[in-house]
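Grab a pencil and try these exercises on the structure below. Each one comes with a solution that goes step by step.

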Amino acid sequence: MDIFHNNPLFTGVRQMLGAFAKQQMRPIAAKHDQEESMPWELMKSAQALGLTQSALLDGRKKLTGVEEDPDPKKPKSQARLAVAASEELAWGCAGIALALGGSGLASSPVARMGTDEQKAEFKKLLSGLDEKGHIKVAAMALSEPATGSDISGLKTSARADGDHWIIRGSKQWITNGQSANVFVVWAQTEATAGRAGIKGFIIARGTPGLVPGKKETKLGIRASETAQVHFEDVRVHKDMMLGIAGASESSGGLADTKKMLDSTRPVVGSQATGIARAAYEFLLDRVRGGSLNGTPMASHQHIMFELAEMNMEINSSRLLAHRAAWMADHHIENVAESSMAKAHGARTAQYVTTRAMVLLGEEALEPGHPVEKWYRDAKIYDIFEGTGQIQRRIIAKHLTGTNPT
Ligand SMILES: Cc1cc2nc3c(=O)[nH]c(=O)nc-3n(C[C@H](O)[C@H](O)[C@H](O)COP(=O)(O)OP(=O)(O)OC[C@H]3O[C@@H](n4cnc5c(N)ncnc54)[C@H](O)[C@@H]3O)c2cc1C
């Protein structure tokens, strides 16, 4: 049963994006994977569908034609829509899906913590085309060469200087890091304040001292750009700091950063589910028409049990992502549920793609085979947006109230 069978909003979005994924993403997926190139032309046509780079700030209207109830206390549908959309797009190609939605990592904290002026400035920096004729994208720069899972040790510093902050440091593994027209950069504003002193800053490309660095070569999701970014005494006006100055967890600091991740983790889990579904459907198709040792593949119990197991895991991952998103839409704290969705989705993607490789045999080892690509794409989901171990720490803390050592 489709969990959305009674809801035309979700069904409509899934059908529209499912068709987009099939007709426009799948045909170019292998090319962008091999070339490690961003799908700039497709990104333009996706904008026309409402998949804008500032979608999180635009609300759901562009994608669905329906306005969200402006009352902040009323239930929303944005998180569930994002989860439903992500599965479809990642089914088409996870790397391209990240290229289409990577700016959401940066627009998420702006939507959450930004003032009206900051939101307007952020959207202005994302409007129009850049000098290459590409649509403009954003980057969220938190991770550093020595700081990934534990962000409290962040080395990038922000020093107050009159009406400005001076940002100094280097970021690594930043999605859209080379091409972004606007960055949300996280820096420590008070050396001794720990997590509470970490603030986000909106910085435009071209600001003196902001230097995009080396682009990384990756195992998977190769249509999405990942790069280093350096900040060499970058001067940013104090109005472009998210939250308020001062080291308190409630002032728009790291606590809000972590809440931002609670909203993106179900989406990431859902992307992983999309990869798993792609590999599962490929295998199912093969089993329906194929034979093994002279008898139909579908008559072999070991194959059918594998398919049943995959189907159960995919459904579990989807339901976990939708539960976490439903909680977000109903303003219910969902820290542990978001982590479950992300960790389970990542595990399902790796499990299904690995088993599909085994069942298909040698053909799936050929470079360029779709299952070989999905197998490579799946791995990253256990690393970014909090590794599998970090998600389990969060869930465990929720169970007992204490952090495991
Ligand atoms: C393709 C890609 C895109 C990315 N995009 C962005 C982006 O746009 N912006 C951004 O800021 N970052 C981005 N990242 C960075 C990503 O968020 C980090 O790689 C991730 O947080 C893990 O950090 P790390 O690589 O430094 O690993 P580490 O934190 O060094 O962890 C190494 C290993 O130790 C384990 N570990 C660490 N701490 C603990 C603990 N307390 N308990 C148990 N195990 C632990 C981890 O699970 C992992 O297995 C991206 C990464 C990739 C690969």
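Helices (H or I, at least four residues) and strands (E, at least two) are DSSP runs, numbered from the N terminus. The model is a predicted one: local features need pLDDT of at least 70, side-chain atom pairs count only at pLDDT 80 or more, and totals for chains, interfaces and linings use all residues. Residues are numbered from 1 along each chain as its sequence is written.

**Exercise 1.** Find where Asn 176 sits, and say whether it is buried or exposed.

*Solution.* Start with the location: Asn 176 is in the loop between β3 and β4 (182–188). Next, count neighbours. A residue is buried if 20 or more other C-beta atoms lie within 10 Å of its own, exposed if 12 or fewer, and partly exposed in between, with C-beta atoms placed from the backbone. Asn 176 has 29 other C-beta atoms within 10 Å, so it is buried. Finally, look at the backbone: its phi is positive, about 65 degrees, although Asn 176 is not a glycine. Why notice that? Most residues other than glycine have a negative phi.

**Exercise 2.** Do the same for His 331.

*Solution.* His 331 is in the loop between α10 (301–329) and α11. Its phi is positive too, near 60 degrees, and this residue is other than glycine. Now the count: His 331 has 12 C-beta neighbours inside 10 Å, so it counts as exposed.

**Exercise 3.** Check the length of helix α11 (residues 335–360) against the expected span.

*Solution.* The recipe is 1.5 Å times one less than the number of residues. For the 26 residues of α11 that gives 38 Å, and the end C-alpha atoms are 38 Å apart, so the two agree. Just after α11 comes Gly 361, with a positive phi near 80 degrees. Try α13 as well: it has 13 residues and reaches 19 Å from its first C-alpha to its last, close to the 18 Å expected. α13 is followed by Gly 401, whose phi is positive, near 85 degrees.

**Exercise 4.** Work out which domains the ligand lies between.

*Solution.* First, list the domains, whose bounds come from an automatic or database domain assignment. They are domain 1 (8–126), domain 2 (138–240) and domain 3 (254–400). Then look at the shell around the ligand. A residue is near a molecule or strand if its C-beta atom, placed from the backbone, lies within 6 Å of it. Of the 21 residues around the ligand, Leu 142, Gly 148, Ser 149, Thr 175 and Thr 387 come nearest. The elements giving two or more residues to this shell are β1 (138–141), β3 (164–175) and α13 (388–400). Domain 2 and domain 3 both give residues to the shell, so the ligand lies between them.

**Exercise 5.** Describe the surroundings of Met 43.

*Solution.* Met 43 lies in helix α2 (residues 40–48). It has 20 C-beta neighbours inside 10 Å, so Met 43 counts as buried. Now find its contacts (two residues are in contact if their C-beta atoms, placed from the backbone, lie within 7 Å). Leaving aside neighbours within four places in sequence, Met 43 is in contact with Ala 99, Leu 100 and Ile 135. Met 43 and Ile 96 are 53 residues apart in sequence, yet 8.7 Å apart in space, C-alpha to C-alpha.

**Exercise 6.** How many of the ten residues of helix α12 (residues 370–379) are buried?

*Solution.* Seven of the ten are buried, so α12 is largely enclosed by the rest of the structure. Among them are Trp 374, Tyr 375 and Arg 376.
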